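Please examine the sequence and the three-dimensional structure shown below. The explanation after it leads through helix packing, sheets and internal spaces.

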Amino acid sequence: MPAPRKKSSARFIDIAALAQVSPATVNRVLNDRGSVSAATREKVVRAAQQLAVPRLMPEVHRGLTRIDVVLARSQTPFFQRMDLALQRFMQLLDRRIVVHRHSFAPGDDERTADFIRRPPHPRHGLLLAVHDTPLLRAAVQQVSQQGVPVVTLMSDISDVSRLHYAGIDNLRAGSTAGHFMGRLAAKQGRLLLLTNDLRFRAHRDRTAGFLDVLQQKFADASCTPAIPCFDDPDQAFQAVDAALRQGELAGIYHSGAGSAGIAQALQRHGRAGEVVWIGHELSDEHRDWLKLGVMDLVIDQDPDGQVLSGMQHLLFENKWLQQKPPAGPNEFRLFCAENLPSQPYLPRGGLLPNK
């Protein structure tokens, strides 16, 4: 008598039990027959995949998944690289995932908030890097409460129920700058603290972390209050020039961009390489100043990694990914003249053409 044939794969009844539906529903889903809700369709397909059913699975998604990316308009190297990372990532997506990129003037909170509240199309996710102001905070909280998954990028937003923050711990980044500044320069003279627009929570956190470490570990250090330079090289030049004219300057911590003005002021006063200088992002100009000894340390937040983290969380929330991405802030990296990577920060050819 021949031995009974072993079951080679899961049957509809096994899939139905795991998905908690009827075998008839499994039949309709896997053979793409009849009307089944999107949620039930997904449960059946996931159960079949979990049981390693050896067949071509039907598509879980029907229609388009639209994700809006909202950024403050900026020509800084960081935002250029972030835009390039977005363009590269978009080329890897399924054709049914549509990413719309939008940028608004940094001070135009009303138009930004209006777009966040009222998109021109159905929205399945929102990825944004904007100011942390009451108007924008209220707009983000409103759409989040409406069920739209929101991921903040680069700079978090206070007191909103967002899905994920895809960025570094900026308080710890500022604390790191304070630690190295205190070790290298605190006993030599005054310290100058420059920042970008403090309406970005990232810069508030960086400056707070920097000052907290100085107060706790280097109580004798003398540091100016934070001077916003709005990523403007001219304003950065004026701040450094004025500080150098006032007397001995031992160190500069700058949490934003516009560093060409800092370098120009140091060179004009003959202090390049003498004043300790710590900044953010391994831009190509920062790389050059590190090589020349004009700059001492750069804290880089890896915009490519932030885009990847943010998009992964939105895709998981929209059922495009099965494995939940890591939670928590992204890691930041420290660079000095001795550990510079070989690749430039931005490709020589610039950004990919917009489509």
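The paragraphs that follow take up the helices, the two sheets, the cavity and the pocket in turn. The structure is a predicted model.

The description begins with helix packing. Two packed helices are described by the angle between their axes and the distance between the axes. Helix α1 (residues 12-19) and helix α2 (residues 23-30) have axes that come within 8 Å and cross at roughly 100°. With angles of 65 to 115 degrees counted as roughly perpendicular, α1 and α2 are therefore roughly perpendicular to each other. In this contact, F12, I13, I15 and A16 of α1 meet P23, V26, N27 and L30 of α2. Seven of the residues in the contact of α1 with α2 are nonpolar, one is polar and none is charged.

Helix α2 also packs on helix α3 (residues 38-50), at an angle of about 90° and with the axes 10 Å apart. This angle makes α2 roughly perpendicular to α3. On the α2 side the contact residues are T25, V26, V29 and L30, and these meet T40, R41, V44, V45 and A48 in α3. By class, the contact of α2 with α3 has six nonpolar residues, two polar and one charged. V26 and L30 of α2 appear in the contact with α1 and also in the contact with α3.

The sheets come next. Five strands, in the order β2-β1-β3-β4-β5, form an open sheet with parallel pairing. Strands β2 (97-104) and β5 (164-166) each have a single partner strand and stand at the edges, so one side of each is left without a neighbour in the sheet. From one strand to the next, the twist averages 20°. At the β5 edge, strand β4 (residues 150-153) runs parallel to β5 and is joined to it by three bridges. Within this pairing, V151 has H164 in β5 as its bridge partner.

Another open sheet has six strands, ordered β7-β6-β8-β9-β10-β11, and its pairing is mixed. Its edge strands are β7 (227-228) and β11 (333-335), each of which pairs on one side only. Strands β8 (residues 249-254) and β9 (residues 276-280) run parallel and are joined by three bridges. G251 stands opposite V276 of β9. Helix α11 (residues 284-292) lies across β9, β10 (297-300) and β11, and runs at about 150° to β10.

What spaces do the cavity and pocket searches find? A search of the whole structure gives one cavity of 30 Å³ or more, and the largest cavity has a volume of about 60 Å³. The lining of the largest cavity consists of L71, A72, F104, A105, P106, D108, D109, T112, V130, H131 and L136. Strand β1 (65-72) and helix α5 (109-117) are the elements that give two or more residues to this lining. By class, the lining of the largest cavity has seven nonpolar, two polar and two charged residues.

The largest pocket holds about 360 Å³ of space. It is lined by 28 residues, of which T76, F79, N196, D231 and A257 are the closest to its centre. Helices α4 (77-90), α8 (201-217) and α11 each supply at least two residues of the pocket lining, and the largest share, three residues, comes from α4. By class, the lining of the largest pocket has nine nonpolar, 13 polar and six charged residues. Helix α11 thus links two parts of this description: α11 lies across β9, β10 and β11, and α11 supplies at least two residues of the pocket lining.

Definitions and conventions. Residues numbered from 1 in each chain as written. Predicted model: local features only at pLDDT ≥ 70, side-chain atom pairs only at ≥ 80, totals over all residues. Heavy atoms only, no water. Pairing = 2+ DSSP bridges. Helix = DSSP H or I, 4+ residues; strand = E, 2+ residues; numbered from the N terminus. Contact = heavy atoms within 4.5 Å. Axes fitted to C-alpha atoms, helices over the stretch in contact; angles between N-to-C directions. Parallel < 35°, antiparallel > 145°, perpendicular 65-115°, else oblique. Nonpolar A, V, L, I, M, F, W, Y, C, P; charged D, E, K, R; others polar. 1 Å grid on protein atoms, 1.4 Å probe; cavity = no way out; pocket = protein on both sides within 12 Å on 5 of 7 lines; lining within 4 Å. Points joined across faces, edges and corners; volume = space filled by probe spheres on them.
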